[in-house]
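User: I'd like a close look at one part of this fold, with the side-chain contacts around it. Keep it informal, please.

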Amino acid sequence: MIMKKGLFLSIVLLSGCLSSAAQTGLQASAMKYDESVTYDVYFKWGVIMPRAGEVVLSYYKDRSVSNASSRYRLTFKTSKFFDNFFQMRDTLDTYYDDDNRLIYSRKGSFEGDYYTVDELTFNYSDAYTKIHSLRYTPKRVKIDTTMITTDEISDLLGTLYYLRGIDRFKLSREEGLPITVVIGRSLVKTQFRYQNQSVVERSDAKYNTRYFKIDISDDAFESTKTSAEVWVSDDDNFLPIKIRSKLKIGYAEIHFKHATGLAHPMKCKSE
């Protein structure tokens, strides 16, 4: 389903401003344990723009998976209005080791009566990264394959964990920050291109942000060049404030709603 795939890519690939690339093991200084951030998701057709659902991102200390020390989680549920068309209940967990490398991720997707699980296991060597990708339903295995790449690599949610760790004071205009994202059997080429400082206005506040364009090589999007845009808080949290993507059918937009447990004061916000 192009619409479903594109919308979910918008939610996570685009929410994307994170911390550490899987192979480099950089520390996520913009985050601390027990952070929780909530977003409203909108989907635009023509002149109408209904609320499509809600995303919650949370970060915890977690050793429930072998060799893991932390977990980053995304949950998404469609609104009552969208439940009439295609109900989505998604949970995506990514686990990191003591060196802050992504070692395992799991995505459970409910679409009405249909349930799918995607699991990715990452193994690193000096020369390459090996990824085992498994997708299954309660009835059968749909994907069971291994891929090898020398690219900077992540899963969907790991892209969020990728950008939030960059030094915003060292950004140059049109500087490209590439990351390859594993989705099923595919290695999706993605690049964040920094543009400038920008102000995002909402009904109750203004936010000083850093503005990025995102190139995504995937058929769910209308084009590869500037498939999406993201505005990230211009403070030490480097938190996604607004995300917008053009899909083959309409647009998806994600807007910051509220947060708890942030590592730093939210200095980007003014009433």
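How many residues does the hairpin go through where it joins strand 6 to strand 7?

Analyst: Four residues: that is what the hairpin between strand 6 and strand 7 passes through. One note before the details: this is a predicted model, with local features needing pLDDT of at least 70 and side-chain atom pairs pLDDT 80 or more, while totals for chains, interfaces and linings use all residues. Numbering starts from 1 along each chain as its sequence is written, and side-chain values use heavy atoms, leaving out hydrogens and water.

Let's start with the backbone. Strand 6 and strand 7 (residues 129-136) are antiparallel partners, paired over eight bridges (strands, E, of at least two residues, and helices, H or I, of at least four, are DSSP runs numbered from the N terminus; two strands pair at two or more DSSP bridges). Look across from Asp118 and you'll find Arg135, its bridge partner in strand 7.

On its other side, strand 6 is joined to strand 5 by eight bridges, and these two strands also run antiparallel. Here Arg106 has Glu119 as its bridge partner in strand 6. Strand 5 and strand 6 make a hairpin as well, with two residues between them. The turn contains Gly112, whose phi is positive at about 65°.

Now the side chains on those strands. Lys107 and Asp118 make a salt bridge, with 4.0 Å between their closest N and O atoms (a Lys or Arg side-chain nitrogen within 4 Å of an Asp or Glu carboxyl oxygen). Lys107 sits in strand 5 (residues 102-111) and Asp118 in strand 6 (residues 114-124), eleven residues apart, so the pair links distant parts of the chain. Lys107 is buried at a relative accessible area of 12% (buried is under 20%, exposed over 50%, partly exposed in between, with a 1.4 Å probe and protein chains only). Asp118 is buried too, at 11%. So Asp118 has two links to point out: a backbone bridge partner in Arg135 and a salt bridge to Lys107.

Away from these strands, shared salt-bridge partners put Asp40, Arg51, Glu54 and Lys257 into one network. Within that network, the side chains of Lys257 and Glu54 meet at 3.7 Å, N to O. Lys257 belongs to strand 15 (residues 251-260) and Glu54 to strand 2 (residues 51-61), so this contact ties together parts 203 residues apart in sequence. Lys257 is partly exposed, with a relative accessible area of 42%. Another salt bridge joins Asp62 to Arg71, at 3.4 Å between the closest N and O atoms, and both residues are buried. For the whole structure, the salt-bridge count is 23.

Rings come into it as well: there are eleven aromatic pairs (Phe, Tyr or six-membered Trp rings with centres within 6.5 Å; stacked under 30 degrees, edge-to-face over 60, otherwise tilted). One of them is the tilted pair of Tyr33 and Tyr59, 5.3 Å centre to centre with 40° between the planes. Tyr33 is in the loop between helix 1 (2-12) and strand 1 (35-44), while Tyr59 is in strand 2, 26 residues apart. Tyr33 is partly exposed at 36% relative accessibility, but Tyr59 is buried at 7%. Tyr95 and Tyr104 make another tilted pair, 5.9 Å between centres and 35° between planes, and both of these tyrosines are buried. Add Tyr72 to Tyr33 and Tyr59 and you have one aromatic cluster.
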